[in-house]
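Biologist: Please take a close look at a single strand for me. I would like to know its surroundings, its partners and its cysteine.

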Amino acid sequence: MKVLLSWLREFAPFEGDPVELGEQMSDLGMAVESLDVLGGGLDGIVVARVLALRPHPNADKIQLVDVDTGDGEPLQICCGAFNMAVGDLVPLATLGTVMPGGMAIERRKMRGEWSNGMLCSGRELELGDDHSGILVLPPALADRLGAPFAEAMGIEADVLYDLEINPNRPDAMSVAGVARDLAARMGLPFTPLSPAVPEGGAAIAGRASVTIHDPELCGRFLVRILEGVQVGDSPEWLARRLTLLGMRPINSIVDISNYVMLELGQPNHTYDLDKVPGGELHVRWAREGETIRTLDDTVRTLRSTDGVIADRSDHAIGIAGVMGGASTEISASTRNVLLEMAWWAPMAIAISSAQLGLRSEASMRFERGADPEGLELAAQRFAELVAAGAPTSTLAAGTVVAEGDLPSREAIRVRTERVSALLGHPFTGEDVRRLLEPIGFVFDQAADGVDGEQLVRIPSFRFDTTTETDVIEEVARHHGYSRIGRRMPSGVHAGRLSERQRDRRTIRQVLVGLGLDEAMPMPFLAPGDLDRAGLGEIPPVTIANPLAAEESVLRTSLRAGLLKAIAYNESHRNEGAQLFEIGKVWSGHRIGPDGVPDEREQLCAVLAGVDAHDAVRTLRTLLSALAVPGIGIEQVAVPGLHPTRAGEVVATGGDGPPVRLGAVGEIDPSVLDDFGIAARVACLELDLDALLALPHGERPYAPISRYPSSDTDLAFEVADTVPAADVEATIRHSAGPRLVDLRLFDVYRGPGVAAAHRSLAYRLRFQAPDRTLTDEDVASARAAVIAAVEATHPARLRA
């Protein structure tokens, strides 16, 4: 919905900064999507007439336009628009003009032809959004050739607001409605229209009639007759307002119809009375398959859910609330007008508009709920505007009104205590009255005299307001949401995840994201399973009454059960299974004072077909997701894991001794043989009780550099006894702050590498936050890393 500040000022004395007025509208729920200051930057733009249109000899999408600016001399303009005809009046930006958008107009060649100015669209003049063609001016300006465009059009400084109106605000779909709301907020007097048009000529009785055959479709239908009208071009001020609000001027009668709709929010329709036999109108539902040619010259097939207005012969001459028919269209020869003002059932119009794919400004307002008591005012305003442009016209005496079914509008009981409770702010009954009476709400004392309760009669133009909560929403709007203090409602928050549950969920999501499947083996094992897994050092808890002899021991580790699952999958030719489990384990040598064995939560992941480095990558991804700092790997012997390809996961941060959290590496080949597994299997095992007891979740953030990075690869030959984690730590320490990423991408044993040694290949990425690194910067850092690794470890840089 677009509104002009000058139009709003016809209803209330709005002054001050237009931006601050827009902020008030936004705070009232009518969000200002854009604000355009009009009437500025139009110097140098004049009225010109199109003399001739010629194809450009060297371009298909440009034509040559000869225009006359009043001196009789043709002026050639190159133009990319084709919506003009010879004789049309158009705005011409002359040489030297600076357009509202800042573009300077100069004489220039376009594909070999000179252009001596520019013909302007409405958007280029910042007078609307239309950029589809050149703005064609009213023919009435024919005697103003060469005159300044702003002066000829009567353009004065103004402000155009584009508002977002929610579906529950039918009153705000009009200039008067916006002005009423804004005046109430600012404490300004609102002056409604009070048109007065003398009646004359023959009375309407016997010359027009309305019959509502389906009262659920139409709640109220009013008609008036205007005689002796003159159909022509609208006055400049009216046409300009319609253009700025996004509507195309057509002729004086149709333009007045649209103007009244925009001003008062009441859609209406005009018929050529001489084309309506006997002035009879019949309101009914359409017959299935009935057709009508609408004003856009389209034949439309109707359904039984569409409403129509029919003539004496029962032929449809209009689609109710959507669009009129071509058979009774206003034309240049029209002298007598039958004016329709009606209230249509909102849902009926919404269904009809959607089915026909025909959404109009009128249907949009009817769908939201028009004002059934505003028909007389809108008809009077229409007649007033017609009389102003055609003094010889006459408004026939009397009005024909037909009544259908209107929704009941009972007064609403509003409890002041409920207003305060719902909004979280103390209000008195007087506060509620003070806020709502300026926007048309009427207050009565409750019939039973209950203190703190008032009966509120809703204005007819607020079709959306039907409950006490709706009224309270209006109180909040006009009090100002920003003035209501913020507070968190108290109450019990049931169903929240604990911190431990959130961490456990994060672990599952990370591992599933890495391609692992969650397994849930039974917590019971056969007596020899732990020994086969190399875990026989910790005595298990034996069950006194097991369900089966092969399930008589509680597990001390999740590893054995997962290895059995890997073996089962491999035996069924499902190779490369990667599984994880989060579950409880029990230790037989740690019995509490109550005789209950020690119970801890553990995570174990086994990855068939990969090596220890994949397990380490899984560990690092998991630690990164949990944001656990200070975790390292110590290469020590771990029961059940490979003697040189495994280590313990330890927390090295803090002042105390390292905390052992678990193990990472590869399963010992002898263990794999005992389980009948042919593939290599990587393993990660973590004590979640110990891990999640550490500080975690704090993620330091650093700005991302906008400068390019530089990668370099280094491969070191080191003994098998040197942990890769130690080499990585040395690299990170010696590379300096410009090292932003480090990745071990290859481990090699074979020809070219000494026995009991391996090659570790790392990719280092350097990047500076403030500049592009030079080759010298990268070479210096590379040399420092090589020297540090070779000095700290028995290592050699490989070529």
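Modeller: Here is a walk along one strand, β36, and its neighbours. This is a predicted model: local features need pLDDT of at least 70, side-chain atom pairs count only at pLDDT 80 or more, and totals for chains, interfaces and linings use all residues. Residues are numbered from 1 along each chain as its sequence is written, and side-chain values use heavy atoms, with hydrogens and water left out.

Strands (E, at least two residues) are DSSP runs, numbered from the N terminus. β36 covers residues 681-687. Of its 7 residues, 7 are buried. Buried means under 20% relative accessible area, exposed over 50%, partly exposed in between (1.4 Å probe, protein chains only). In a regular strand the side chains alternate between the two faces of the sheet. In β36, Val681, Cys683, Glu685 and Asp687 lie on one side. Ala682, Leu684 and Leu686 lie on the other. Both faces are covered.

Now the partners. Two strands pair if DSSP finds at least two bridges between them. β32 (residues 597-608) pairs with β36 over 7 bridges, in the antiparallel sense. β35 (residues 659-667) also runs antiparallel to β36, joined by 5 bridges. Leu684 links to both: Ala605 stands opposite Leu684, and Val664 has Leu684 as its bridge partner.

Last, the cysteine. Cys683 is buried, because its relative accessibility is 1%. A disulfide is a pair of cysteine sulfur atoms within 2.5 Å. The closest cysteine sulfur to that of Cys683 is in Cys604, 4.2 Å away, so the two are too far apart for a bond. The disulfide count by this rule is 0.

Technical notes:
Helices (H or I, at least four residues) and strands (E, at least two) are DSSP runs, numbered from the N terminus.
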